[in-house]
Amino acid sequence: MGGFALGFAEFAMMGILPDVAAGMGVSVPYAGNYISAYAVGVCFGTLILVFGHNVAPKKLLVFFAALMCVGNGMAALASNSGALLAARFVAGLPHGAYFGTATLVAKGLAEPGREASAVSIMVLGQTAANMVGVPFGTLLSGLISWRAAFAFVSVWAAAACLCLARFVPNTVHITQTSLVGQFAFLRKPGPWLVLCAVFAGNVGIFCWWSYVSPWFMSLGGFDGASLPALLMLCGFGMVLGSLAGGRWADRMTPARMAALGQGLSAVTLLLIFFVGGPWACALAAFACSFAMFSMSSPQQLLMVKVGAGGGEMIGSACVQVAYNAANALGAWIGQGVLNAGAAYNFPSLAGVPFAALSVALLLVFALRYEK
């Protein structure tokens, strides 16, 4: 439930970007700042875990869900562009902290050898949001208003808050350590290899993904009415990628699985630059969506492992910080490419070197630290 709310809040903006831009009286490239504002909120929100380290994980999850409700409610009521930027920042605050905490809870409840699969089930809420929630939000935006999409996720987050309070067990505990001790794991090179790989890989993807709706229309020849179905196809790819990534990471190792997923994203980004027409664009988008989330749970689990000893939640949350910082930079790079007068396929080409760098970093980690 919580993962669904966060996935909806983060990714719905990509599907309704033209509508939001029109409603706020700004250009589509400028509207990319609403994506970046959410990502900046994610980065700052992780600090909540620093001061809430001794709070029971269940209570943290309930608090984060309540914050989701407030932030998205603010977005639905935003009266101008500045207010919407502020609302998106608030909505992003619980994102990384929630996934950092939820990853630890999922791992703690899993059977031995099934940790990555358990984390992938938790992440499944986010991917289900992309398959069902985001197309639904796009449909709401077209039929009613883009504000209706944010109102929906605000109500959903309130329901998630109640479900977390009622059903999540309070049996998972974390290692108690000092403020400095929470960050001790960052003294080693291994975590930085993973975080830099997450950052680089997602910069590459979000160069293109931030503008996926206009890409579908300009290169694929689709009209606006087709966007909900196309985003549902992408969401289905994310669901399959998340499930496959968790299962394969349990059978292989998390870093090797993440490297495989990042390699697939590099290949598909290159293909996206060359393809045109409805069928080719739909297939390429599905493949890149699969790759995007096939590495999600392996990377989350990696950072819980390298953060063992008190830095587990911070480590896992750092994945979301790197992911959303990459989201912001990727949207900004894509915006720069488009403002230079390039077509909507060129942002994907700009992302290929970043994805390739991510593969190299994960392979170095796997060779040095995994058996």
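**Exercise 1.** Which residues lie nearest the centre of the largest pocket?

*Solution.* The model under study is predicted. Begin with the lining: 18 residues line the largest pocket, and those nearest its centre are Met1, Tyr98, Met122, Leu164 and Val168. Next, take the volume, which is about 420 Å³ for the largest pocket. Then assign the lining of the largest pocket to elements: H1, helix H5 (81-109), H6 and helix H7 (146-167) give two or more residues. H5 gives the most, with five residues. Finally, sort the lining of the largest pocket by class: 15 residues are nonpolar, three are polar and none is charged.

**Exercise 2.** Describe the second largest pocket by volume, lining and class.

*Solution.* The second largest pocket has a volume of about 180 Å³. Its lining consists of 13 residues, and the closest to its centre are Leu186, Trp192, Leu195, Cys318 and Val321. Two or more lining residues come from each of helix H3 (47-51), helix H8 (189-209) and helix H14 (312-339). The class count for the second largest pocket is twelve nonpolar, one polar and no charged residues.

**Exercise 3.** Determine how helices H1 and H6 pack, and characterise their contact.

*Solution.* First, consider the geometry: H1 (residues 2-24) and H6 (residues 115-143) pack at an angle of about 40°, with their axes 7 Å apart. H1 is therefore oblique to H6. Second, the crossing of H1 and H6 is right-handed. Third, identify the contact residues, among them Gly3, Gly7, Phe11 and Gly15 of H1 and Gly125, Ala129, Gly133 and Gly137 of H6. Fourth, classify the contact of H1 with H6: eight residues are nonpolar, eleven polar and two charged.

**Exercise 4.** How many cavities of 30 Å³ or more does the structure hold, and what lines them?

*Solution.* There are two cavities of 30 Å³ or more. The largest cavity has a volume of about 100 Å³. Residues lining the largest cavity include Gln126, Asn202, Met292, Gln299, Gln320 and Tyr323. Helix H12 (278-294), helix H13 (296-306) and H14 each give two or more residues to the lining of the largest cavity. By class, the lining of the largest cavity has five nonpolar, six polar and no charged residues.

The second largest cavity holds about 40 Å³ of space. Its lining includes Phe11, Asn130, Val134, Trp209 and Cys234. At least two residues each come from H1, H6 and helix H10 (227-251), and H10 has the largest share, four residues. The lining of the second largest cavity has seven nonpolar, two polar and no charged residues.

How values were computed
Residues numbered from 1 in each chain as written. Predicted model: local features only at pLDDT ≥ 70, side-chain atom pairs only at ≥ 80, totals over all residues. Heavy atoms only, no water. Axes fitted to C-alpha atoms, helices over the stretch in contact; angles between N-to-C directions. Parallel < 35°, antiparallel > 145°, perpendicular 65-115°, else oblique. Left-handed = near helix turned anticlockwise from the far one by under 90°. Contact = heavy atoms within 4.5 Å. Nonpolar A, V, L, I, M, F, W, Y, C, P; charged D, E, K, R; others polar. 1 Å grid on protein atoms, 1.4 Å probe; cavity = no way out; pocket = protein on both sides within 12 Å on 5 of 7 lines; lining within 4 Å. Points joined across faces, edges and corners; volume = space filled by probe spheres on them.
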